[in-house]
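Biologist: I am new to this structure and would love a close look at one part of it. Please walk me through the pairing of oppositely charged side chains.

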Amino acid sequence: MDTLLSLMSPGTLALAISIAALAGLIKGMVGFAMPMIMISGLGSFLSPELALAGLILPTLVSNAMQALRQGPKAAAESVRRFRVFLGVGLVFLLISSQLVSVLPVPVLLALIGGPVALFCLMQLAGWRAHLPNGPATWIEALVGTVCGFIGGLSGVWGPPFVAYLTAIDTEKRDQMRVQGVAYGLGALALVGAHVVSGVLNARTVWFSLAMLVPAVAAMWVGTRIQDRIDQALFRKMTLAVLLVAALNLLRRAFFT
């Protein structure tokens, strides 16, 4: 506790806990957005490095819970089905995590946020993306490249992948599980990458652990809500949260 309070005041810690709880609630309801909420919320009053450290362990544990909710066999099937995305994304996440202080993150955020926001607006307006030959390997590889690259730099890799899952009409339970598997593997890689980069260290790990309990508890509540909604409502909620995520990326790109 002394180490934790050396990083921030009790009031700041309480605010951070409330942000982690909100992130967990949304995560439980739609399966993503925890890193986006935490990095934007925590980053508004903490250093970018400390905010990134804070989201690492909650992201890892919450995604493991989400991925394994239907059991290891179902999770393994999700790995097999999306192996191209996962493999390509992992490679680019590991590469870009070491470039945190080199590349202009605002440019990358704008390049991701703009297309995703447009996609969501068109979907909510009634347009439906259609892949006549089903999910294409090259599209999946491209999405993996984008997600991995931006994820290593900012800790946020969900929006392009969620847009892809929505475009191929992934069923609600499958989408939740696939997101848990993809983000969980990405979070595991993020832990290792930022131990090497120094973002997660002997001091900041205590802050990440402090964020874990409120995030996971609130995620449990969100999951109960998600169980009660149908596929159509789930899709609309997913698009709405995805749109907020994309607009937040644009805000970070142009106003921070």
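Modeller: Here is a short setting, followed by the pairs one by one. This is a predicted model, where local features need pLDDT of at least 70 and side-chain atom pairs count only at pLDDT 80 or more, while totals for chains, interfaces and linings use all residues. Residues are numbered from 1 along each chain as its sequence is written, and side-chain values use heavy atoms, with hydrogens and water left out.

The protein has 12 helices and zero strands; helices (H or I, at least four residues) and strands (E, at least two) are DSSP runs, numbered from the N terminus. Of its 256 residues, 54% are buried. Here buried means under 20% relative accessible area, exposed means over 50%, and partly exposed lies in between (1.4 Å probe, protein chains only).

Now to the salt bridges, of which the protein has four. Each is a side-chain nitrogen of Lys or Arg within 4 Å of a carboxyl oxygen of Asp or Glu.

Let us begin with D227 and R69, whose side chains meet at 2.6 Å, N to O. This pair ties together distant parts of the chain, 158 residues apart: D227 belongs to helix α11 (residues 204–227), whereas R69 sits in the loop between α4 (48–67) and α5 (72–81). D227 is partly exposed at 39% relative accessibility, and R69 is partly exposed at 38%. There is also a further partner here, as R69, R224 and D227 are linked in a network of salt bridges.

Helix α5, which follows the loop that holds R69, has a pair of its own. The side chains of E77 and R80 form a salt bridge at 2.7 Å, N to O. These two residues lie three apart within α5, about one turn of the helix. E77 counts as partly exposed, with 37% relative accessibility, and so does R80, with 46%.

Another pair sits in helix α10 (residues 172–197), where D174 and R177 are three residues apart, again about one turn of the helix. Their side chains meet in a salt bridge of 2.9 Å, N to O. In this pair the partners fall into separate classes: D174 is partly exposed at 25% relative accessibility, but R177 is buried at 10%.

To recap, D227 and R69 join distant parts of the chain, while E77 and R80 pair up inside helix α5 and D174 and R177 inside helix α10.
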